[in-house]
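Hi everyone, thanks for coming along. Let me put the structure up, and then we can walk through it together.

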Amino acid sequence: MTDMASLMEDRAAAKVISDNLHKPVDWDSPKIARNIKKRYAAERRFKMYGLSAIALALLALFVLAGSIGSKGYTAFFQTYVQLEVTFDAAEIDPDGTGDPAVIGKANFDGLIKQALRDRFPDVTSRQAKRDLYAIVSGGASYDLRERVMENPGLIGQTRKVWLISGDDFDMLNKGYISADVDEGSRRLNDEEIAWYDSLKSDGAVEKQFHTRFFTNGDSREPELAGIWGAAVGSLYTLMVTLALSFPIGVFAAVYLEEFAPKNRFTTIVEVNINNLAAVPSIVFGLLGLEVYLNVMHLPRSAPVVGGLTLALMTLPTIIIASRAAIKAVPPSIRQAALGLGASPVQTVTHHVLPLAMPGILTGTIIGMAQALGETAPLLMIGMVAFIVDIPGGALDPATVLPVQIYLWADSPERAFVEKTSAAIMVLLAFLVLMNGFAVYLRKKFERKW
Amino acid sequence: RDQIRIVGSSTVFPFATAVAEEFGKTTSFKTPVIESTGSGGGLKLFCAGVGEQHPDITNASRRIKKSEVEKCAANGISEITEVKVGYDGIVLSNSNEAPELDLTKEQIFLALAKIVPSKDGKSLVDNFYTTWSEIDPSLPDVKIEVLGPPPTSGTRDAFTELVLEEACDEFPAIAALKESNSDQHKAVCAGVREDGAYVEAGENDNLIVQKLEANKDALGIFGFSFLDQNGDKLQGSMINGVSPTFEAISAGDYPVSRSLYFYVKNAHVGTIPGIEEYLAEFTADKAWGDEGYLADRGLIPMDAKERETVRNAAMNLSPLSM
Amino acid sequence: MSLSFLLLAVAALCALSFYFGRQRAIALSGGRYSNLHSLPAHYGMYVALWCGLPALLLVVVWYVFQGSIIEAMIVSDLPAEITSNTGQLSLALNSISLIAEGNGQHLSVSPEIIDAGRRLANLQTIANAALVVVMLAVATTGIALSYRKIDPDMRARNNVERISRWIMITCSAIAILSTVGIVFSLMFEAIHFFSKVSPLEFLFGLEWSPQTAIRADQVASDGAFGAIPLFVGTLLITLIAMAVAVPVGLFSAIYMGEYASSKFRAVAKPALEILAGVPTVVYGFFAALTVAPFLRDNGAILGLDVSSESALAAGLVMGVMIIPFVSSLSDDVMSQVPQSLRDGSYGLGATKSETIRHVIFPAALPGIVGAVLLAVSRAIGETMIVVMAAGLAANMTVNPLQAVTTVTVQIVTLLVGDQEFDSAKTLSAFALGLVLFLVTLGLNVFALKVVQKYREKYD
Amino acid sequence: MAVVSQSAMTAQPSVASPKMTARDLNLSYGDNQALFDVNLDIVERQVTALIGPSGCGKSTFLRCMNRMNDTIDGVTIKGEVTLDGRDIYDKRIDVVQLRARIGMVFQKPNPFPKTIYDNVAYGPRIHGLVNSRDELDQIVMTSLERAGLLKEVKDRLQSPATGLSGGQQQRLCIARAVAVSPEVILMDEPCSALDPIATAKVEELIDELRSNYTIVIVTHSMQQAARVSQRTAFFHLGKLVEVGETDQIFTNPKDERTKGYITGRFG
Amino acid sequence: MAVVSQSAMTAQPSVASPKMTARDLNLSYGDNQALFDVNLDIVERQVTALIGPSGCGKSTFLRCMNRMNDTIDGVTIKGEVTLDGRDIYDKRIDVVQLRARIGMVFQKPNPFPKTIYDNVAYGPRIHGLVNSRDELDQIVMTSLERAGLLKEVKDRLQSPATGLSGGQQQRLCIARAVAVSPEVILMDEPCSALDPIATAKVEELIDELRSNYTIVIVTHSMQQAARVSQRTAFFHLGKLVEVGETDQIFTNPKDERTKGYITGRFG
Ligand SMILES: Nc1ncnc2c1ncn2[C@@H]1O[C@H](COP(=O)(O)OP(=O)(O)OP(=O)(O)O)[C@@H](O)[C@H]1O
Ligand SMILES: Nc1ncnc2c1ncn2[C@@H]1O[C@H](COP(=O)(O)OP(=O)(O)OP(=O)(O)O)[C@@H](O)[C@H]1O
Ligand SMILES: [Mg+2]
Ligand SMILES: [Mg+2]
Ligand SMILES: O=P([O-])([O-])[O-]
């Protein structure tokens with residue numbers, strides 16, 4: 001059969017169908033109506049799926065935040081006990097010198113113990129006295145000292161002062177220790193609970209906002225433990241991370257995206273960098289341990305090492321985000337600049353980078369947020385340590401917030417449970433702030449072209 | 001470096017940190033930096049060598065082993081001061097909503113050993129017990145599920161030594177091995193089952209505590225201080241009829257208690273400032289005494305006489321000899 | 001003299017030389033900038049770079065070597081009984097530097113050491129002074145040389161750009177080297193491991209029991225390094241996580257992108273992104289202490305035997321963590337589907353969901369596949385959640401109610417507390433790390449291929 | 001405003017029985033009014049061309065006719081558009097069906113990233129127009145035939161539509177629209193993305209389709225309007241300035257603005 | 001190949017003193033050759049139009065003339081392109097300065113997302129053409145004036161250029177190119193994104209610019225080529241088929257292919 005003949009045949013056949021087809025569809029027929037109904041039902045179902053998916057995700061967030069918040073909010077308050085303390089001149093400054101050095105050395109702890117004995121005079125046995133002293137925290141004597149140093153006029157007087165309470169007492173006041181369980185199964189015996197009741201009925205027990213939690217370093221005493229040391233450690237660590245990964249990441253991204261020849265090698269590099277973003281963070285810890293500690297002999301537990309390690313981890317995030325942002329700058333802008341005789345470097349610095357900056361910054365902030373929340377690699381380089389002193393620099397031993405959380409979570413003292421949750425809340429607040437900042441940047445610098 | 005560096009046991013960690021904090025507050029030295037690495041890991045770091053980059057002190061929840069002393073010596077650490085700081089009971093504990101258990105060491109062995117005597121007691125087979133009641137009908141009919149530390153931990157070492165290795169010779173089939181094949185004997189006595197009944201739960205004891213709270217059927221192995229702090233939620237199982245209480249452990253009645261130690265590198269004393277003063281703080285009665293602050297944290301003190309001996313040895317830096 | 005002060009000084013010199021370079025160029029231009037080859041600022045930059053770079057390099061090199069050179073000088077004067085022992089030496093040097101810093105009052109050391117400490121302090125003072133002098137000399141030489149070279153025909157811009165390009169190349173090299181470094185360090189130790197354990201046993205063995213004794217006299221498991229149970233466990237948890245994250249993430253993305261009002265979107269999207277920012281430790285606690293007991297108790301009510309370390313608990317929580325990865329990325333790709341395609345479908349009388357299912361979703365599929373694969377590699381590599389919520393025992397099971405362990409959990413447990421890379425036990429962590437690396441590499445290559453193959457086909 | 005409305009009315013010679021009508025149509029995007037009192041009749045089985053300078057509201061008007069503007073946020077519409085005498089903005093009207101009856105072809109060819117077959121089959125499938133695979137095959141074939149594409153693609157119905165050339169893609173889009181048996185086909189600058197040869201093909205096709213369908217086409221090329229349409233409407237600044245027989249509009253426009261525009265002297 | 005080359009040579013009437021010349025220009029994208037032995041002279045202060053079907057290499061050839069192809073990976077170029085007799089592919093040539101002398105305007109208007117002022121001032125600034133703010137102001141004003149845009153934008157020089165309409169943007173791009181006082185301006189389909197009115201404006205502008213600049217324009221509209229150019233070159237499949245006076249090409253093409261294309265019978 002010739003082509004022509006077959007074509008004619010096709011045509012003829014098509015013509016038949018075509019005439020057939022052109023019967024207009026009866027849109028009001030019951031069949032179509034049923035079909036439409038089904039379609040709209042499917043539409044509603046589909047929309048429901050979407051809504052429930054979001055609801056589910058938000059619910060997860062809510063439960064997560066709720067379970068942390070409900071456990072942790074009490075840590076922002078601390079129980080204080082009011083005692084009548086006699087600032088006995090004979091104890092504090094026997095010679096009346098008024099010399100701060102002398103006052104500073106005085107036994108303020110003794111004053112507090114005296115005050116407790118005065119309040120509960122019938123306590124005599126050694127064991128009971130120890131229990132009694134535990135009502136007030138070991139840190140209270142430092143407060144008292146400070147108070148007297150500031151106001152030497154107190155010496156010789158008797159004043160009612162609020163003193164920070166010990167952790168068990170605090171837990172009792174916050175209801176974490178129940179007086180109802182059998183005496184043998186709780187941290188506080190019946191006598192101690194009686195003291196509490198007595199103080200409470202005098203109005204000598206109250207909760208105050210716990211500023212120490214935000215200003216202190218770590219401590220074994222839950223009531224004295226604070227997150228400032230870890231926060232400073234996080235700050236130094238992040239500073240090192242940022243100082244390294246931002247310039248290196250951005251320059252690398254610019255080079256790879258704008259200047260490097262596109263060949264197999266750059267593809268390998270690209271895959272490799274993408275892959276690095278998915279490498280388990282603990283592997284970076286291993287590398288840090290090998291390279292920075294064992295080869296370069298940098299100090300253990302130091303924020304520099306943490307920062308260097310985390311920089312390796314955030315580098316790929318920044319490079320990937322920056323490359324994506326640079327890629328998103330329309331080529332027409334580059335061509336315009338090049339066509340005017342701008343050099344490639346000028347094209348990048350004058351046009352591409354400024355336009356890509358919001359994306360680069362968002363990527364950087366997200367990378368930093370990741371670094372802020374990272375624990376695993378730091379376990380490998382000795383940043384899981386008990387460190388009381390607030391680090392004074394990137395070479396001093398330090399921990400970071402998530403590691404502090406990890407450490408507190410492993411402390412036996414009951415009072416650390418709420419501290420753990422509270423520290424998580426603080427960390428989350430930082431993360432939300434950083435993410436919020438990223439969103440803000442995105443909004444603010446978003447440009448249309 | 002002008003700051004003491006301490007590594008080692010997670011069991012001693014709460015005590016060492018308490019001392020370190022007090023030391024930092026009351027002296028002009030910086031507060032020591034203490035890392036919790038587990039006893040085994042700590043000793044490994046400790047024995048790696050003399051020098052500023054190596055730790056000065058390591059905590060251990062068991063005594064240093066001969067092999068470790070030799071490793072130290074091989075790395076030029078010839079003089080180590082051993083300081084025994086007190087006792088710690090290892091408790092087998094469960095939620096106090098579950099029935100309290102009264103176990104014997106043999107029962108524990110049968111529940112946790114990798115290889116146990118067969119039903120007829122003649123041969124040795126892989127552990128086949130799945131519920132406690134299979135071991136002894138008086139025990140509850142629940143799955144054997146014990147959360148405990150991994151081999152790097154001193155708690156695990158001590159538990160193996162104090163419970164499993166002691167119980168194993170009570171079984172004739174195993175005792176017989178002692179003569180014929182002492183290597184295998186050791187392996188059988190100390191081997192812990194790996195089929196999921198014993199769950200290695202990492203070094204985080206608090207996580208074990210919280211998991212027990214959530215799982216009424218499980219038992220956990222950890223130091224006494226964690227039980228002490230969580231007495232309203234957990235209860236210690238009796239072992240050989242004795243409950244793990246402060247009194248029972250310090251009186252030596254509770255059978256699974258072990259000594260806690262720390263080790264000091266003598267070569268570092270004098271060159272890293274503050275080591276001697278730290279020793280003094282740790283061995284002062286206000287710290288490790290009967291009413292010292294460490295007892296508050298769950299350390300079970302030695303008696304006064306033993307403390308005196310250890311203190312003298314420590315202050316003189318008398319080197320350990322094994 | 002502190003490093004930061006030196007750096008400030010270099011910066012100040014650079015600023016000065018920039019100014020002078022620029023002025024000179026302007027002077028030479030005779031008032032018409034177009035007589036110059038480059039902009040005056042380029043000449044300024046040229047001089048500044050010549051001043052700053054060598055000086056900076058000098059400071060860095062000096063700082064790297066100053067310590068060891070001075071140390072060598074101090075060491076050469078110490079008695080042999082100290083220097084012969086490296087440990088002693090390191091302690092002695094520590095004491096010496098403490099003394100030099102003036103913190104030596106608590107030390108009990110020999111007079112030689114105290115002397116050495118004083119000498120060290122002296123040497124350091126001299127070295128610091130010398131550094132400042134040499135740095136100034138280098139900087140001024142740089143300024144002088146480059147300043148004299150300024151000439152209207154000099155290609156200042158090309159020179160400056162060449163230098164800046166080299167800076168960028170250096171940065172890329174660092175980035176690339178770090179990736180190569182990771183691969184090689186993993187590879188090196190893994191090869192070490194495979195010399196102890198056969199790769200076949202490792203890859204196909206069914207038993208995993210790596211907790212060998214860390215001392216000769218400790219009794220622990222005899223060591224079996226068959227990693228299949230770990231792979232199965234990892235896969236199981238990953239699957240569960242994806243079973244949560246993919247549908248929830250995708251539908252969230254669809255709802256936010258296609259149905260939600262912009263107000264709702266402005267709130268919901270960042271809220272979801274918070275899920276990605278929550279530290280994984282927190283998820284770990286959540287999984288171990290809230291979700292796992294919940295599943296166990298409810299399982300018991302239904303008569304199911306749910307382990308308290310069930311794969312399900314870890315997987316579910318990990319899934320929640322991954323939701324934003326899937327939703328954000330697929331939201332992006334779906335919003336990139338051109339409006340013209342949507343119009344095409346609506347114009348034919350399709351409903352919204354039909355348009356989404358038949359047109360938008362297929363068009364965005366390559367991107368979504370890429371997003372999901374990225375999420376998968378994230379799930380495989382996730383550590384803290386599984387460390388806290390999954391088991392440690394290597395059960396070979398695909399029952400999600402049972403406890404399984406994962407590759408990352410094993411890496412952590414193998415390495416925590418024992419950091420000497422000499423036993424098969426610790427080395428196996430590297431082999432596992434390498435496997436993870438290779439698997440994620442495979443996934444990434446695959447994702448790249450998918451994306452490249454189908455990218456913008458609809459444009 | 002009243003004046004404008006009147007002038008628009010006078011510009012609108014009424015038609016006997018129009019397929020579609022617009023009456024006093026006003027449309028705003030937010031605060032920005034894009035259409036002012038448009039009155040226009042669309043005659044059945046004819047091609048009506050909408051011309052006018054850029055931004056004058058041609059596309060906007062076209063999208064009003066099958067309610068594609070519904071998908072844009074913040075659009076307010078006043079006035080009436082009817083199809084066969086029924087107001088399409090009536091609440092009881094089902095948009096989904098409406099759009100099936102009034103098909104649309106866009107400026108840039110936008111085939112779905114599926115096979116050629118699936119592209120054409122999409123409409124009949126979602127509307128449930130067929131009961132069997134055979135019927136579907138038939139519809140696809142006829143539609144492709146009608147769009148003058150069958151010969152070129154019949155051997156590769158299962159290959160991706162994105163692999164077709166621009167002109168083929170545009171004809172595929174027409175086939176896709178035809179497959180649901182619409183009564184009216186709206187085309188928004190269907191040739192602007194095509195080269196002259198492809199354009200010629202599509203124009204030929206429009207001419208053929210006219211025998212079965214009512215067609216409205218927006219174009220910025222006056223030559224094209226002259227070539228393919230029977231009636232032409234000239235828009236300017238959101239107003240319908242003049243409408244009439246194409247010949248009349250191009251040879252003898254009544255409005256000065258129309259004259260200016262078609263002679264190119266405009267603006 | 002030799003044959004082709006010869007035919008190209010015969011198709012190329014030499015010109016007295018050309019501003020630019022291409023000699024035996026071959027270009028490949030990787031393995032895919034896009035230009036074959038192109039020989040073309042560009043006459044000073046005239047508009048040369050490049051026409052031809054899509055994909056024939058018009059844009060490629062245009063980009064060769066200011067070395068914009070350098071920015072594409074994998075391009076290999078053989079042959080010679082000269083500006084005032086000097087080979088622009090010579091190693092010693094500074095590409096950056098070359099591009100300042102040979103400006104370019106693209107198909108889609110691509111203003112920088114900056115102010116109108118900064119867009120125009122960008123070129124003079126990077127080339128150091130001015131010594132003072134006043135001079136810069138002057139250049140910006142004259143360039144806008146030349147591009148016929150000053151009147152429309154002089155009150156909003158500091159507002160973003162992206163807010164201009166398409167036609168205005170395209171004229172801004174021309175102003176931006178003019179501001180560096182190039183000798184040659186290359187335009188790649190500068191009107192294809194514009195409506196007829198905007199197109200007319202740009203065409204008018206090109207006609208004016210001709211008195212000062214040498215212009216090469218790629219267009220797919222033969223009408224446009226006929227309207228604005230003095231010389232026309234017809235490309236086909238990467239080869240230059242014919243070049244000559246625009247009148248002659250459109251009324252009396254020598255090559256069959258040219259004739260086919262311009263009468264629309266081609267393809
Ligand atoms: N989605 C929208 N939102 C806001 N304003 C719009 C939108 N679409 C169009 N407009 C505005 O409505 C007016 C008419 O636009 P329309 O697209 O109908 O013009 P047109 O005649 O089709 O022009 P062209 O020939 O350029 O396609 C213009 O001023 C335009 O800016
Ligand atoms: N960057 C590139 N990489 C590979 N091939 C290319 C590239 N740019 C163009 N080509 C190919 O070179 C040939 C000529 O393309 P060119 O863009 O010059 O055509 P044109 O004549 O401008 O067409 P149009 O009128 O469609 O713009 C085409 O086959 C095209 O596919
Ligand atoms: Mg339009
Ligand atoms: Mg082109
Ligand atoms: O940390 P441990 O005390 O169990 O070794």
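Here is a question to start us off: is Arg67(E) buried or exposed? Before you answer, please keep in mind that we are looking at a predicted model.

Okay, the answer. Arg67(E) is buried, because its relative accessible area is 12% and buried means under 20%. To find Arg67(E) on the screen, go to chain E and look in the loop between helix 2 (58-64) and strand 4 (75-83). There is something else to notice about the backbone there: the phi angle of Arg67(E) is near 60 degrees, so we have a positive value in a residue other than glycine. Why point that out? Most residues other than glycine have a negative phi.

Now let's stay in chain E and visit another arginine. Arg45(E) also has a positive phi, of about 50 degrees, and is not a glycine either. Arg45(E) sits in the loop that runs between strand 2 (32-42) and strand 3 (47-51) of chain E. What about its accessibility? Arg45(E) has a relative accessibility of 46%, so this residue counts as partly exposed.

Let's zoom out to whole chains, beginning with chain B. How many helices and strands are there in chain B? The count is 15 helices and 13 strands. Chain B has a radius of gyration of 20 Å, close to the 20 Å that the globule rule gives for 322 residues, so chain B is as compact as a globular protein of that length. If you draw a box around its C-alpha atoms along the principal axes, that box is roughly 65 × 45 × 35 Å. Of the 322 residues of chain B, 64% count as buried. The accessible surface of chain B is about 10,500 Å², and carbon and sulfur atoms hold 49% of that. Chain B also carries 30 positive and 50 negative charges, and the mean positions of these two groups are 4 Å apart.

On to chain C. Here we find 16 helices and two strands. Now, what radius of gyration does chain C have? It is 32 Å, whereas a compact globule of 459 residues would be near 23 Å. The C-alpha trace of chain C spans about 80 × 75 × 40 Å along its principal axes. The domain assignment gives chain C a domain 1 (3-154) and a domain 2 (224-454), and the C-alpha centres of these two domains lie 50 Å apart. Of the 459 residues in chain C, 55% count as buried. Its accessible surface comes to about 18,900 Å², with 67% belonging to carbon and sulfur atoms. As for charges, chain C has 26 positive and 29 negative ones, with mean positions 17 Å apart.

One more thing about how each chain folds back on itself. In chain B, 71% of the contacts with a separation of 6 or more are between residues 24 or more positions apart. For chain C, that share is 71%.

Finally, how do the chains meet? Eight pairs of chains touch, and among them chains A and C have the most contacts. Chain B and chain D, on the other hand, share no contact, and their closest C-alpha atoms lie 51 Å apart. Nor does any contact join chain B and chain E, where the closest C-alpha atoms are 52 Å apart.

That's my tour, thanks for listening!

Technical notes:
Residues are numbered from 1 along each chain as its sequence is written. Chains are lettered from A and ligands numbered from 1 in the order in which they are written. This is a predicted model: local features need pLDDT of at least 70, side-chain atom pairs count only at pLDDT 80 or more; totals for chains, interfaces and linings use all residues. Side-chain values use heavy atoms; hydrogens and water are left out. Contact means heavy atoms within 4.5 Å. Helices (H or I, at least four residues) and strands (E, at least two) are DSSP runs, numbered from the N terminus. The radius of gyration is taken over C-alpha atoms; the globule rule is 2.2 Å times the number of residues to the power 0.38. Buried means under 20% relative accessible area, exposed over 50%, partly exposed in between (1.4 Å probe, protein chains only). Accessible areas come from the Shrake-Rupley method with a 1.4 Å probe; for residues, only the protein chains shown count as cover. Lys and Arg count as positive and Asp and Glu as negative; His and the chain ends are not counted. The place of a charge is taken as NZ of Lys, CZ of Arg, CG of Asp or CD of Glu. Domain bounds come from an automatic or database domain assignment.
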